[in-house]
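Student: Please give me a close look at one part of this model: the ligand surroundings. Then connect that part to what lies around it.

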Amino acid sequence: MKNIIDGFLALVKQRNDHEPEFMQAVEELAENVIPFIVENERYYGKNLLLRMVEPERVLIFRITWVDDNGEIQVNRGYRIQMNSAIGPYKGGLRFHPSVNLSILKFLAFEQVFKNSLTSLPMGGGKGGSDFNPKGKSEGEIMRFCQAFMSEMYRHIGPSTDVPAGDIGVGAREIGYMLGMYKKLKNEFTGVLTGKGLSYGGSLIRPEATGYGAVYFAQKMLETKKDTIFGKNVVISGSGNVAQFAVEKALHLGAKVLTLSDSSGYVYDADGIDEEKLAFVMKLKNEKRGRISEYIETYPKATFVKGKTPWGIKCDIALPCATQNELNGDDANILLGNGCICVAEGANMPSTLKAVEAFQKAKILYAPGKASNAGGVAVSGLEMTQNSLRYQWTREEVDNKLKNIMSDIHKSCLKYGTCDDGYVDYVKGANIAGFVKVADAMLAQGVV
Ligand SMILES: NC(=O)C1=CN([C@@H]2O[C@H](COP(=O)(O)OP(=O)(O)OC[C@H]3O[C@@H](n4cnc5c(N)ncnc54)[C@H](O)[C@@H]3O)[C@@H](O)[C@H]2O)C=CC1
Ligand SMILES: O=C(O)CCC(=O)C(=O)O
């Protein structure tokens with residue numbers, strides 16, 4: 001089996017050399033899916049995985065815009081239309097200086113299986129730009145978003161490709177992009193999700209990824225007859241996903257000890273409560289400041305510059321910032337400190353070595369494609385509401401989100417439960433995600 005997997009990975013690497021993040025995501029999936037294909041005649045000999053690693057379409061385009069000093073700026077824009085077997089391409093847009101083809105292809109690849117797990121009819125895609133929103137004025141952000149959409153509008157549509165937010169893209173950016181799309185196409189459709197409530201957005205979409213990750217952690221703990229109540233939780237990031245992970249963890253009676261950003265982390269031994277969370281939301285969403293400013297208002301907390309929070313003793317860790325933010329050494333420190341559960345809010349935050357350590361220790365570990373699927377799931381529900389020209393209540397959407405997270409958990413149990421009872425959530429998510437996409441591809445022929 002090892003030879004088959006190695007041979008496959010060598011072939012993919014040949015075509016995608018210099019794309020380490022993409023290769024990491026492919027390797028993690030291939031380890032589980034290739035043995036499954038070999039054991040299942042229905043999927044064997046059809047080159048399904050080889051077809052899935054090849055994006056259906058990669059769009060790369062120039063974005064030009066004028067900054068506040070009158071200088072012409074040039075950025076690179078991308079949209080990876082990865083797989084449309086089960087529905088229109090669906091996935092976020094990331095605006096961050098680190099954005100490149102490898103990062104967007106890994107995100108688009110994972111999105112295919114994540115979207116499949118939600119059981120909603122959405123294919124997978126991802127896009128973005130190397131534009132750095134940090135320090136930009138409101139006018140610059142608007143002009144950049146408009147310039148981005150002035151090219152992307154040709155390639156998307158409510159039944160073709162429906163982008164949303166990701167790092168650096170929130171409701172503000174989605175609003176500016178929708179405004180430009182509407183102007184260029186002269187039509188009001190659900191072409192983007194994560195919209196504001198007054199123009200077709202869904203209740204609970206902002207909360208969905210963070211809430212969903214905590215709902216998933218709860219489901220995992222239930223298998224051990226445990227709950228999140230009273231647990232110490234360490235969270236990284238301080239953006240959309242992290243903020244609402246904190247909120248839901250607090251609702252369920254946990255104590256949250258940390259938050260972070262790319263400058264370092266804050267540790268608050270008294271716990272980040274509702275009032276402190278409201279401060280962080282204002283700091284990050286309105287003032288657009290640094291997490292280090294937390295200790296100016298809450299001086300009993302400490303700020304640790306340039307470090308991640310994994311050294312803080314906890315029961316549960318929720319990585320909610322970015323890819324590869326938790327390595328093998330971090331994983332061993334978490335395990336040494338008695339951590340029993342890791343649910344990823346971010347996409348691929350744990351390195352392969354970290355995943356290996358969690359699995360070897362047999363703790364509850366969920367990969368992002370399962371535990372952070374709540375965001376895209378509610379995006380799918382936003383698409384449904386747009387098609388119906390209707391809006392569900394907060395309660396209705398939250399209940400649907402809970403049910404979807406519970407169903408994803410069941411799918412992971414179905415395909416990931418080992419002979420000794422240990423649940424390999426990585427294997428479960430990879431195989432369950434693969435099966436639906438593979439069945440659709442088989443039904444649609446070689447296209
Ligand atoms: N927004 C959504 O609905 C979903 C987001 N995700 C993933 O969750 C993660 C966070 O995304 P959002 O909260 O939406 O973005 P955001 O832009 O609201 O926040 C990103 C957070 O990550 C931190 N960050 C970024 N780069 C970092 C670095 N190099 N080191 C440390 N911290 C860093 C930022 O300071 C910020 O706190 C990403 O991996 C994203 O792909 C996954 C599913 C859905
Ligand atoms: O809501 C969406 O369409 C995409 C969310 C996303 O980018 C993700 O799941 O990583």
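Tutor: A residue counts as near a molecule if its C-beta atom, placed from the backbone, lies within 6 Å of it. Keep in mind that this is a predicted model.

Start with ligand 1. By that cut-off, 23 residues surround ligand 1. The closest are Gly 239, Val 241, Asp 261, Ala 346 and Gly 375. Two elements, α8 (240-251) and β7 (255-261), each supply at least two residues of this shell. α8 gives the most, with three residues. By class, the shell around ligand 1 holds 14 polar, six nonpolar and three charged residues.

Now ligand 2. Gly 375, among the closest to ligand 1, is also in the shell around ligand 2. Asn 347, Val 376 and Ser 379 are in the shell around ligand 2 too. So are Ala 164, Asp 166 and Thr 193. Lys 90, Gly 91, Gly 92, Gln 111 and Lys 114 complete the list. Here β3 (89-95), α4 (101-117) and α14 (374-388) each supply at least two residues. The class split for ligand 2 is seven polar, three charged and two nonpolar.

Follow three of those residues to Lys 126. Gly 91, Gly 92 and Gln 111 belong to the shell around ligand 2, and Lys 126 touches each of them. Lys 126 also touches Ile 80, Leu 104, Leu 107 and Ala 108. These contacts leave out residues up to four places away in sequence. Lys 126 sits in strand β4 (residues 124-129). Is Lys 126 buried or exposed? Lys 126 is buried, because 31 other C-beta atoms lie within 10 Å, where 20 or more is the cut-off. An unreviewed UniProt entry lists Lys 126 under "active site".

Step out to the nonpolar packing. The largest nonpolar core has 110 residues. Ala 217, Val 233, Ile 235 and Ala 245 have the most contacts inside this core. Ala 245 is in contact with Gly 210, Ala 213, Val 214, Ile 235, Leu 318, Cys 320 and Gly 345, leaving aside neighbours within four places in sequence. Another core, of 21 residues, lies apart from the largest one. Its members include Leu 93, Phe 148, Met 149 and Val 169.

Finish at helix α11 (residues 328-336). Asp 330, Ala 331 and Leu 334 are buried there. Seen down the axis, the buried residues of α11 fall within an arc of 100°, so they line one face of the helix. They pack against β10 (316-318) and α12 (352-361). After α11 comes Gly 338, with a positive phi near 90°.

Definitions and conventions. Residues numbered from 1 in each chain as written. Chains lettered and ligands numbered in written order. Predicted model: local features only at pLDDT ≥ 70, side-chain atom pairs only at ≥ 80, totals over all residues. UniProt positions renumbered as here; feature names shortened; annotations may be inferred. Helix = DSSP H or I, 4+ residues; strand = E, 2+ residues; numbered from the N terminus. Buried ≥ 20, exposed ≤ 12 C-beta atoms within 10 Å, placed from the backbone. Contact = placed C-beta atoms within 7 Å. Arc of directions from axis to C-beta. Core = buried A, V, L, I, M, F, W, Y, C linked by C-beta atoms within 7 Å. Nonpolar A, V, L, I, M, F, W, Y, C, P; charged D, E, K, R; others polar.
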